[in-house]
Every structure is written in structure tokens, then in C-alpha cells.
Amino acid sequence: MRSDEFKKLVLAHKGRLFRLAKWMLHHDEDAEDVVQEVFIKVWKMRGKLDSYRSIEALMVEITKNMCLNKIKSKKVIESNKYLEKIKSKDPSQDLKLDLREKLEHVMGVI
């Protein structure tokens with residue numbers, strides 16, 4: 001697939017992919033990053049795109065999965081921050097309990 005064909009076929013869906021990513025991530029910059037990663041991934045797959053019935057559906061699925069991965073990654077980072085707070089010097093018992101409850105909630109979501 002030539003680059004002009006790719007642009008015509010794939011880049012036409014940029015707006016829809018961005019709206020999906022923004023809806024899932026609630027952040028413009030993260031949504032833009034995900035859409036850019038989707039285009040890179042699809043570009044690398046360009047030789048196999050003929051085997052898909054709907055390239056748009058493929059890109060929506062990739063976008064959804066990348067957004068879910070980003071959300072999971074953020075949850076892991078948040079849980080690590082809570083662990084660090086729990087391990088910090090002499091926090092109050094209330095803070096420890098609160099942080100443990102939040103950590104359990106985050107780990108349950110993950």
C-alpha cells in the first residue's frame with residue numbers, strides 16, 4: 001500500500017478515533033498520543049490490511065485496546081504511589097487505613 005492510499009483510507013477516521021480516545025481517557029493529549037500510536041501500528045500492518053473486512057473497525061478496536069492499556073497503566077502508577085505513602089515514615093493510622101482501602105480498590109479494578 002502506497003502512502004497516498006494509506007492517507008486516504010486510514011487518516012479519514014482520525015476524528016472518530018480521537019473522539020473515542022478522548023471519551024475513554026478524558027484528556028486531549030493522551031487521546032492524541034493514542035491516535036498517533038494507532039496510525040503507527042496500522043502503518044506497520046499496511047501489508048496485511050487487505051485481509052480485514054473493515055479497516056475502520058480494526059482501528060476502533062486498536063484504539064479501544066490502547067486506551068484500556070493506558071488506563072491500566074495509570075492505575076498501576078497510582079497504586080505504586082499509594083504504596084510509597086504507606087511505606088513512608090510514621091503516617092497516621094487514619095492515613096494508613098485510607099491508603100490501604102484505596103489501594104485495595106485500585107487493585108480490584110485492575
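Trainee: Which residues of H3 are buried?

Mentor: This is a predicted model, so keep in mind that we are reading a prediction. Buried here means under 20% relative accessible area. In H3, the residues that meet this cut-off are Asp30, Ala31, Val34, Val35, Val38, Phe39 and Val42.

Trainee: How far apart are the end C-alpha atoms of H3?

Mentor: H3 has 17 residues, and at 1.5 Å a residue they should span 24 Å. The distance in the model agrees with that expectation: the end C-alpha atoms are 25 Å apart.

Trainee: Which helices each supply at least two residues of the largest nonpolar core?

Mentor: Let's start with the core itself, which has 20 residues. Those with the most contacts inside it are Val10, Val34, Val38, Val42, Met59 and Ile62. As for the helices that each supply at least two residues of this core, they are H1 (3–10), H2 (14–25), H3 (28–44) and H4 (55–87).

Trainee: Leaving aside neighbours within four places in sequence, what is Val34 in contact with?

Mentor: Val34 is one of the buried residues of H3, and it is also among those with the most contacts inside the core. With neighbours within four places in sequence left aside, its contacts are Ala21, Leu25, Thr63, Met66, Cys67 and Lys70.

Trainee: Is Thr63 buried or exposed?

Mentor: Thr63 lies in helix H4. Beyond its neighbours within four places in sequence, Thr63 is in contact with Leu17, Leu20, Ala21, Val34 and Val38. Its relative accessibility is 0%, so Thr63 counts as buried.

Trainee: What separates the C-alpha atoms of Ala21 and Met66?

Mentor: Ala21 is found in helix H2, and with a relative accessible area of 0% Ala21 is buried. Not counting residues up to four places away in sequence, Ala21 touches His26, Ala31, Val34, Val35, Thr63 and Cys67. Ala21 and Met66 are 45 residues apart along the chain, and their C-alpha atoms are separated by 8.8 Å.

Trainee: Which ring does the charged end of Arg46 sit over?

Mentor: For a charge to sit over a ring, CZ of Arg has to be within 6 Å of the ring centre. The charged end of Arg46 is 3.9 Å from the centre of its ring, and that ring belongs to Trp43.

Trainee: Which element has the lowest mean pLDDT?

Mentor: Good thing to check with a predicted model! The protein chain averages a pLDDT of 82, and 81% of the residues score at least 70. Among the elements, H2 has the highest mean, 93, while the lowest, 76, belongs to helix H5 (residues 93–109).

Technical notes:
Residues are numbered from 1 along each chain as its sequence is written. This is a predicted model: local features need pLDDT of at least 70, side-chain atom pairs count only at pLDDT 80 or more; totals for chains, interfaces and linings use all residues. Side-chain values use heavy atoms; hydrogens and water are left out. A nonpolar core is a set of buried Ala, Val, Leu, Ile, Met, Phe, Trp, Tyr and Cys residues joined through side-chain atoms within 4.5 Å. Buried means under 20% relative accessible area, exposed over 50%, partly exposed in between (1.4 Å probe, protein chains only). Helices (H or I, at least four residues) and strands (E, at least two) are DSSP runs, numbered from the N terminus. Contact means heavy atoms within 4.5 Å. A charge sits over a ring if NZ of Lys or CZ of Arg is within 6 Å of the ring centre and within 35 degrees of the ring normal. pLDDT is the predictor's confidence in each residue, from 0 to 100. The expected span of a helix is 1.5 Å times one less than its number of residues.
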